[in-house]
Structure formats: C-alpha cells, structure tokens
Amino acid sequence: MAFAGARQSGGMRTVGVVVNPIAGMGGRVGLKGTDGKVDEARERGAEPRAPERAVAALSALREYGDGIELLVWDDPMGAAQARDAGFDPVVVGEPSSDETTSDDTRAAIAAFLDRGVDLLLFVGGDGTAVDVASVLTDRDDETPMLGVPAGVKVYSSVFGVSPRAAGQIAATFSETEEAEVNDIDEDEYREGEVVTELRAVVTVPRAEQRQSAKQLGGGSVESLAEAVADGVRDGVTYVLGPGSTVGAIKTALGFDGTALGVDVWRDGEVLARDASENDILDALGEENVIVVSPIGGQGFVFGRGNQQLSPAVIEQCDIEVVASRRKLDGIGTLRVDTGDSDLDEQLRGWRKVRVGAFERRLMEVV
C-alpha cells in the first residue's frame, strides 16, 4: 500500500526513535538473550551494542533523508545517539529510572504516536518489537514501525537486514505492507527449544532490505553431517555454531552439542560447550575453522543468534558454511551483520556452501 505520511507530499518526515540500551548484551557472552539476564551479562563482561548500532542507523537516515524531524526519548534511550549521528533531535520524554524497562519503551512509543510521527524506528530485538507492537495494537494504530537489529534473537520480519539498511529504509520508503512480530521464550531457548509465537501483525515499510521472518529447520542433513565429521583434521580447532544442521555435525562427531549455542571441538575433545566469545578465543589454536549454517528464510550467516562468533573470533578462523538444499532454495542470498563494517565487506562476495557429502553450491553474500 502507498505510504500516506508527510514525505509522500514532499513535506518533512517525522521519525520517532527509541533505543533499548541493553538489547543484545547477552549475545557475545553466550546468554542467548538479555531478558532477566542483564546483571549476569554484565558480570560476564558484556558491553552494550545497541547504542553503536543506533548511531549507524541514524547516520544512514541522515545521509539518505531530506527534511527529517527526529523525536527521541532521553538518554540512555536515544538522545545521545541522535546527536552523535548529526541530528538536533526533539526530546519528547525520559525514562523513569536509570534501569530502563519495557514500560519506558511503551511510554516513548505512546508519546511519539501522540505527536503524529510518520514512522516508529526502534533499536532492539524481538522483545522490543513486541513492546512497540503492543502499543500500536492497543490503539488500533497503523503507523509503520521498523527495527534496527540489535538483539540476540531476531525472528520477526520488521527489521532491516542491518543498521544502515534500516536507516536507509526509514529515509526513503514510499510504500508499506503488513509483517509479523514473533517472539520466543528465552528460558526455553537457552534449554535448546525454539517455539516461536506470533505476537502481532503490524504495518512496516516495504523494502528489499527488510529481513524475512526466520524459518525453522527441516529436511535430512545426516549425509552432510557425516561427511563433514569424516573430514575433520587432526590439530584443527572447530568452532561449531548453533542450529539443527550444525547440530547434526556435532552428533556425527560423537557428542551431544548445544543446539542453540556455540561449541568448540578439537581432536575428539569438547573444549568449550555453549561458549561465550571469550571462551571461544581461549580455546582457539594455530588453525581454526568456524562451521556455521545460515538462518532459513533470512540467510544470515553471522549476526543473528550467534553473536559469540564475534569479529575477533571470525578473523582468526577459516569459515565453512553448510546448509541443506531445501534451506538454500528458500534463501536466494546470504547475509552478514557482524557489527564490524570492514569485516562485513571482506565477507561479502561469492562463497561455496556445502550441501552434501561432495556437492557445494555457490551463493552470494550480500
């Protein structure tokens, strides 16, 4: 459908921005989410990643936009990031305390809607998307929303494929469509169970650079897994990512791996189970290989659900991408969002993906 906002008629586009400052903190330290785990994430040395991703998105918004009015919630929920990106934002309100909650997100969204914004741009993960969508649903409001991916689990189809892509979409979109907001129970997720729940259907900008909803795995990968396991080399450290495809490889190697975490294996021994970024770095040897499978429906190889595979880890490893034929048929292209733009650029291009005992398929990383 055509976008009926001010931009359509050549006027100023008003964007309401809210940042969940703790989103994604649990990723690199192996917590698979931050809900109820903020203190533990900090104890493990987690650093906030949402603020820098907010700046990247807002810098792109300023670069591609013309006549953008930015409404924000006060620090630490967006004001500083907007100024860092070169905006002179209108601060509409402030969080209720230093420890922000979902109530603060919902209050910000309500205030933006009261001001008649053309777009709600939020920085976070699926939990933040649920908070934004809940206000829209309660008000029966069709104002479009768009997410800047900063969470650990990003299953909903309301996010840009990267922070810069989200900023560009926010500045330039001219049509909207409906998309799903999904979420999962993080406690079940940490135990290896993934059950997605549809939480809302909302209006979003229509754009190729918006990610699809995540599809769960399907199809047999036993022959692929056995071939990979048969081909492991002595002395090489294997960093095995999450997901059902790599999980089958872990089983073929003879151990019960972490279904949704990263395990490190060398010469028949599990060196680290459900490893954090630091655990992985400590376990690396002279020669290292990351084995990872793209997310079905989205095509992300790095940056969704496997933030433990950080730039510091990736730069010390060779990369083997594995996937079922069925999964690749539903993807088209692969994507990366490591948080390091230079590394993302190095990873882009054509890459061989192993789909069987001997067969490899050429896929483009975009």
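Helices α8 (residues 222-230) and α9 (residues 244-252) pack against each other with their axes 8 Å apart and at an angle of about 55°. That makes the pair oblique, and the crossing of α8 past α9 is right-handed. On the α8 side, the contact is made by Leu224, Ala225, Glu226, Val228 and Ala229, and on the α9 side by Thr245, Ala248, Ile249 and Ala252. As with everything described here, this comes from a predicted model.

Stepping back to the whole protein, there are 13 helices and 16 strands. Of the 366 residues, 56% are buried. Taking contacts between residues at least 6 apart in sequence, 69% join residues at least 24 apart.

Two of the other helices can be looked at in some detail, starting with α2. Helix α2 covers residues 50-64, and its end C-alpha atoms sit 21 Å apart; this agrees with expectation, because 15 residues at 1.5 Å a residue should span 21 Å. Buried in α2 are Ala50, Arg53, Ala54, Ala57, Leu58, Ala60 and Leu61. These residues cover an arc of only 155° around the axis, so they are on the same side of α2. As for what lies over them, the cover includes the strands β1 (13-19), β2 (68-73), β4 and β5, along with the helices α3 (79-84) and α6 (163-172).

Helix α5 (residues 126-139) has 14 residues, and from its first C-alpha to its last it reaches 20 Å, close to the 20 Å expected at 1.5 Å a residue. Its buried residues are Asp126, Thr128, Ala129, Val130, Asp131, Val132, Ala133, Val135 and Leu136. The elements that cover them include one helix, α4 (102-114), and the strands β4 (119-124), β5 (145-149), β6 (176-183) and β7 (197-205). Strands β4 and β5 thus turn up in the cover of α5 and also in that of α2. Right after α5 comes Asp140, with a positive phi near 55°.

Positive phi values come up again further along the chain, at two more aspartates. Asp267 is in the loop between β9 (263-266) and β10 (269-272). Its phi is near 50°, which is positive even though the residue is not a glycine. With a relative accessibility of 47%, Asp267 counts as partly exposed. Asp274 sits in the loop that runs between β10 and α10 (277-283). Here, too, a residue other than glycine has a positive phi, of about 50°. Asp274 is also partly exposed, at 27% relative accessible area, since the buried class takes in values under 20%.

Another backbone feature belongs to the loop between β2 and α3, where Pro76 is found. The peptide bond that leads from Asp75 into Pro76 is cis, and its omega is near 10°.

Finally, what surrounds Thr237, a residue of strand β8 (residues 237-240)? Neighbours within four places in sequence aside, Thr237 is in contact with Val264, Trp265 and Arg266, with Leu271, and with Ala283, Leu284, Gly285, Glu287, Asn288 and Val289. Thr237 itself has a relative accessible area of 0%, so it counts as buried.

Note on methods
Residues numbered from 1 in each chain as written. Predicted model: local features only at pLDDT ≥ 70, side-chain atom pairs only at ≥ 80, totals over all residues. Heavy atoms only, no water. Helix = DSSP H or I, 4+ residues; strand = E, 2+ residues; numbered from the N terminus. Expected span 1.5 Å × (residues − 1). Buried < 20%, exposed > 50% of the residue type's maximum accessible area, 1.4 Å probe, protein only. Contact = heavy atoms within 4.5 Å. Arc of directions from axis to C-beta. Axes fitted to C-alpha atoms, helices over the stretch in contact; angles between N-to-C directions. Parallel < 35°, antiparallel > 145°, perpendicular 65-115°, else oblique. Left-handed = near helix turned anticlockwise from the far one by under 90°.
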